[in-house]
Amino acid sequence: MTPLQGLRVLDLSTVIFGPLASQVLADYGAEVIKVEGPEGDSTRHTGPGVEPGMAAMFLGANRSKKSVVLDLKRPEARDALQALVATADVFMHSMRPQKLAALGIAPDELRARHPRLVYASLLGFLPGPYAGRPAYDDVIQGMSGLADLMSRQGGEMRYLPTIAADKTCAHVAAHAILAALMQRERTGQGAFVEIPMFESMVGFNLVEHLYGQHFEPPRGPAGYPRVLAPWRRPCPTADGFVAMMPYTDLHWQRFFAEVGAPQLAGDPRFADIAARTANIAQLLELACGFTPRHDTAHWLEVCERLEIPAAPIGRLDTLPDDPHLAQTGFFEQLEDEAMGTVRFPGVPVRFDGQRPGIAMPPRLGAHTRALLAEAGCSPAQIDAVMALMPRTPEPLTPTSGPASVRPASTTP
């Protein structure tokens, strides 16, 4: 049994923030029903793909789900949605509040009818001066100080080259929903959970970077110097780069002795962690000045011998061939009738030694008819909903579950 087996999540969100959050719940065993408009989630058309509507970006955040297509502009579809809500433990969306009342899915309305429902609203901002503003990853990276961090380290204002806000906030949303479900187990009552991107990312950013601003009056500026230092980067070697991190007093003493400069261990600028933090820019530039003398293999051997944390640089294109990930079985390869072999990053955690299984993401609307029938909609109601769709693909496997399920494994 997977941890969330038996729980049903109804997810009306799109793109990455919400879908990745519900994918985490699906990974842990929840039945996630993805409700899409007739055109489908925009990520279905983002990136390379073998067939229309199953592009790479969609695959990354929608595995192990079912898909229902409802055109919520039509009353027949709104009635069908209400039938599905009655079967759900969790209802989640990323719509602006003003749109919810028109669709009959405002939190007060749904929770009054379904008091055990966990209602999760994924927002850009909590109610306040910024409420209702559009929130995209680039915007939130800029507002939350992440772009400022990049400028402090490299002198150029830029975004992190990953959708850090969407992905981080997805995990915040998943654990907030899980907390609300745990509360429901104790009280019998659901909850209204608001997960804002802006506040979540400011909190994420300021774990270490509030720094001197923790105090009133401030005891220094914001910003943790060690990670803002321009030379906090992989060190160049004779044939590439190495990720090397001497950290303790002993690490630095050993490193300086190895490179023939033991006197630096006694330099007042580097003698202890407080001094190194205050002079971290000079220290890291100095350390990376020694590494081009030898190749990467040499420095990996040295660091292993001296018990200094170090690793080779993983490249995006070579991570699927990483020996550790291969040994632990991290990457999953699923076989699909139409798409052939499709690779996924697997579930990273194990429960009692078992990694939960995953399944192919759903074709657009593949489970509409079966799930509406299960929710009690009449054949006439279902036909009316289906008539609003351009075409609903039939599932490739029985609708009792998503296609191409890999059983939970007892091996790594």
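These legends describe close-up views of a predicted model.

**View 1. Salt bridge between Glu 31 and Arg 8.** The side chains of Glu 31 and Arg 8 form a salt bridge, with 2.7 Å from N to O. Arg 8 belongs to strand 1 (residues 8-11) and Glu 31 to strand 2 (residues 31-36), so this pair ties together parts that lie 23 residues apart in sequence. Is each partner buried or exposed, or partly exposed? Arg 8 is buried, at 5% relative accessibility. Glu 31 is partly exposed, because its relative accessible area is 22% and buried means under 20%. Side chains of opposite charge can pair when their charged atoms come close.

**View 2. A network around Arg 8 and Glu 31.** Which residues are linked with Arg 8 and Glu 31 in a network of salt bridges? The other members are Lys 66 and Glu 374. In the whole model, the count of salt bridges comes to 19.

**View 3. Salt bridge between Arg 355 and Glu 332.** Here the side chains of Arg 355 and Glu 332 meet in a salt bridge, at 3.4 Å from N to O. The two residues come from distant parts of the chain, 23 residues apart. Glu 332 is in strand 10 (residues 331-336), while Arg 355 sits in the loop between strand 11 (340-345) and helix 16 (368-374). Both Arg 355 and Glu 332 are buried.

**View 4. Salt bridge between Arg 369 and Asp 383.** A salt bridge joins the side chains of Arg 369 and Asp 383, with an N to O distance of 3.2 Å. Arg 369 lies in helix 16 and Asp 383 in helix 17 (residues 379-387), so the pair ties together parts 14 residues apart in sequence. Where do these two residues stand on the scale from buried to exposed? Arg 369 is partly exposed, with 40% relative accessibility. Asp 383 is also partly exposed, with a relative accessible area of 42%. Both values fall in the partly exposed class because that class lies between 20% and 50%.

**View 5. A nonpolar surface patch.** Met 245, Tyr 247 and Ile 273 make a nonpolar patch of about 250 Å² on the surface. Where in the chain is Tyr 247? Tyr 247 is in the loop between strand 8 (241-244) and helix 11 (249-258). With a relative accessible area of 34%, Tyr 247 is partly exposed. Tyr 247 therefore meets the area requirement for a patch residue, which is over 30% relative accessible area.

How values were computed. Residues numbered from 1 in each chain as written. Predicted model: local features only at pLDDT ≥ 70, side-chain atom pairs only at ≥ 80, totals over all residues. Heavy atoms only, no water. Salt bridge = Lys/Arg side-chain N within 4 Å of Asp/Glu carboxyl O. Helix = DSSP H or I, 4+ residues; strand = E, 2+ residues; numbered from the N terminus. Buried < 20%, exposed > 50% of the residue type's maximum accessible area, 1.4 Å probe, protein only. Patch = residues over 30% accessible without salt bridge, like charges linked within 9 Å, V, L, I, M, F, W, Y side chains within 5 Å. Areas by Shrake-Rupley, 256 points an atom, 1.4 Å probe, with all protein chains shown as cover.
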